[in-house]
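Please open the model in your viewer and keep the sequence panel beside it. The stops below are given as selections, each followed by what is to be found there.

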Amino acid sequence: MELRCFRCWSVVLLLLFIPCGCQCISVHILNKQPVHAVPGSNLVLRAQIQHGPLDDIAMVTWEREPETGVAPETVTLATCPSRSFKCTSTRTNVHANWGQQETTLQINGYGDEDGGVYAVTLTDHKGTKTTAHCIVRIYEAVHHVSVSINVTHSTLICGEAWGTDPNFSWLYERVAITNTVGKVSKDGSVLYVTKTPFCGHFTCMVSNKLGYSSATYTAAPCEAEGRGTTAAVVCLVLLLLLFGGALAFLLWRRHRQSNRGQRLQDHLDDAI
Ligand SMILES: *[C@@H]1O[C@H](CO)[C@@H](O)[C@H](O)[C@H]1NC(C)=O
């Protein structure tokens with residue numbers, strides 16, 4: 001039993017070591033990509049290093065190049081030679097670190113010019129290089145929110161230009177959407193309107209870490225509400241007319257009575 005176990009363990013160990021025979025160094029970036037950095041914030045990129053006991057790493061290098069461009073220029077940001085395990089950076093706002101299992105690059109006060117493809121390279125003592133890349137872009141605020149309608153399908157589509165991680169939410173007459181009004185698609189950008197008749201104000205609100213912006217689609221005014229208001233106005237006008245009429249009538253009657261009184265008085269005076 002023990003012998004069999006020993007054999008299978010040997011096989012497992014052999015399988016593990018065969019592909020690593022020549023090169024066992026690997027590196028991968030732990031940040032979720034692409035990384036979106038808020039302007040002015042501190043950006044930290046972390047890379048995990050794996051290596052066998054024999055593959056000593058001679059150098060860790062952090063570099064950056066623009067994401068687009070005809071002849072992208074590579075800039076070296078930091079180098080960490082294994083002799084000291086200390087990293088030297090080429091910029092004042094850049095700091096790098098190198099431990100046994102991990103290397104990090106920190107950029108303080110992230111700016112527009114810091115975007116690009118970052119590369120971390122491990123060089124072993126034979127000069128063999130292993131590299132991992134990471135795209136870093138600036139975190140953009142929400143821009144240009146708009147709502148369009150697909151009349152045939154009773155759907156409202158919310159659009160946003162280039163904000164990072166936009167979150168969509170819908171309001172009907174400034175109140176969160178309920179099932180009686182409609183259903184929202186999984187990503188939140190489409191509202192399937194179930195409310196009949198299709199009327200009132202539908203607002204799409206788009207937000208992210210930097211703020212929010214909204215747009216409103218105005219459908220036909222809702223019937224019930226419109227009819228109610230009209231009826232109230234008509235009633236008010238009628239009441240006013242009635243009141244005015246009654247007042248006029250009263251005044252006229254009083255005037256006639258006093259006139260008649262005057263005439264009676266005159267009559268009596270004449271008779272005396
Ligand atoms: C409305 O939506 C349907 C289904 O998504 C689509 O096939 C159709 O082309 C859209 N119509 C317009 C005018 O966009």
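Helices and strands here are DSSP runs, numbered from the N terminus, with helices (H or I) of at least four residues and strands (E) of at least two. On that basis K195, a residue to which the tour returns, lies in the loop between β16 and β17. Please bear in mind throughout that this is a predicted model.

**The whole chain**

Begin with a cartoon view, in which two helices and 18 strands can be traced. Of the 272 residues in the protein, 29% are buried, and the accessible surface comes to about 18,400 Å², with 60% of that area belonging to carbon and sulfur atoms. Among contacts with a separation of 6 or more, 51% are between residues 24 or more positions apart.

**Salt bridges**

Now show the charged side chains, among which the structure holds three salt bridges. Select R46 and E102, whose closest N and O atoms are 3.0 Å apart; R46 belongs to strand β3 (residues 43-50) and E102 to strand β8 (residues 102-107), so this salt bridge ties together parts that are 56 residues apart in sequence. R46 is partly exposed at a relative accessible area of 37%, and E102 is likewise partly exposed, at 28%.

Move next to R64 and D114, which meet in a salt bridge at 3.4 Å, N to O. This pair links R64 in strand β4 (residues 57-65) with D114 in the loop between β8 and β9 (116-124), 50 residues apart, and both R64 and D114 are buried.

Then select E67 and R137, where the closest N and O atoms of the salt bridge are 2.6 Å apart. E67 sits in the loop between β4 and β5 (75-81) and R137 in strand β10 (residues 129-138), so the pair joins parts that are 70 residues apart in sequence. E67 is partly exposed at 37% relative accessibility, as is R137 at 34%.

**A buried alanine**

Select A96 in strand β7 (residues 94-98), which is buried, with a relative accessible area of 14%. Leaving aside neighbours within four places in sequence, A96 is in contact with W62, A78, C80, C87, T104 and L105.

**The aromatic cluster and K195**

Select Y172, F198, F202 and Y217 together, since these residues form one aromatic cluster. F198 and F202 make a tilted pair, 5.3 Å centre to centre with 55° between the planes; F198 is partly exposed at 24% relative accessibility, whereas F202 is buried at 0%. The ring centres of F198 and Y217 are 6.5 Å apart and their planes stand at 80°, so this pair is edge-to-face. It links F198, in the loop between β16 (190-193) and β17 (201-208), with Y217 in strand β18 (residues 211-218), 19 residues apart.

Keep Y172 displayed and add K195, which touches Y172, T180, V181 and C222, not counting residues up to four places away in sequence. Which side chain of opposite charge is nearest to K195? It is E173, 7.6 Å away, and K195 is buried yet has no salt bridge.

**The surface of helix α2**

Finish with V233, V234, V237, L238 and L241, which make a nonpolar surface patch of about 460 Å². Within this group, V237 is found in helix α2 (residues 223-271) and is partly exposed, with a relative accessible area of 44%.

Note on methods. Residues numbered from 1 in each chain as written. Heavy atoms only, no water. Phe/Tyr/Trp six-rings, centres within 6.5 Å; stacked < 30°, edge-to-face > 60°. Buried < 20%, exposed > 50% of the residue type's maximum accessible area, 1.4 Å probe, protein only. Patch = residues over 30% accessible without salt bridge, like charges linked within 9 Å, V, L, I, M, F, W, Y side chains within 5 Å. Areas by Shrake-Rupley, 256 points an atom, 1.4 Å probe, with all protein chains shown as cover. Salt bridge = Lys/Arg side-chain N within 4 Å of Asp/Glu carboxyl O. Lys, Arg positive; Asp, Glu negative; His and termini not counted. Contact = heavy atoms within 4.5 Å.
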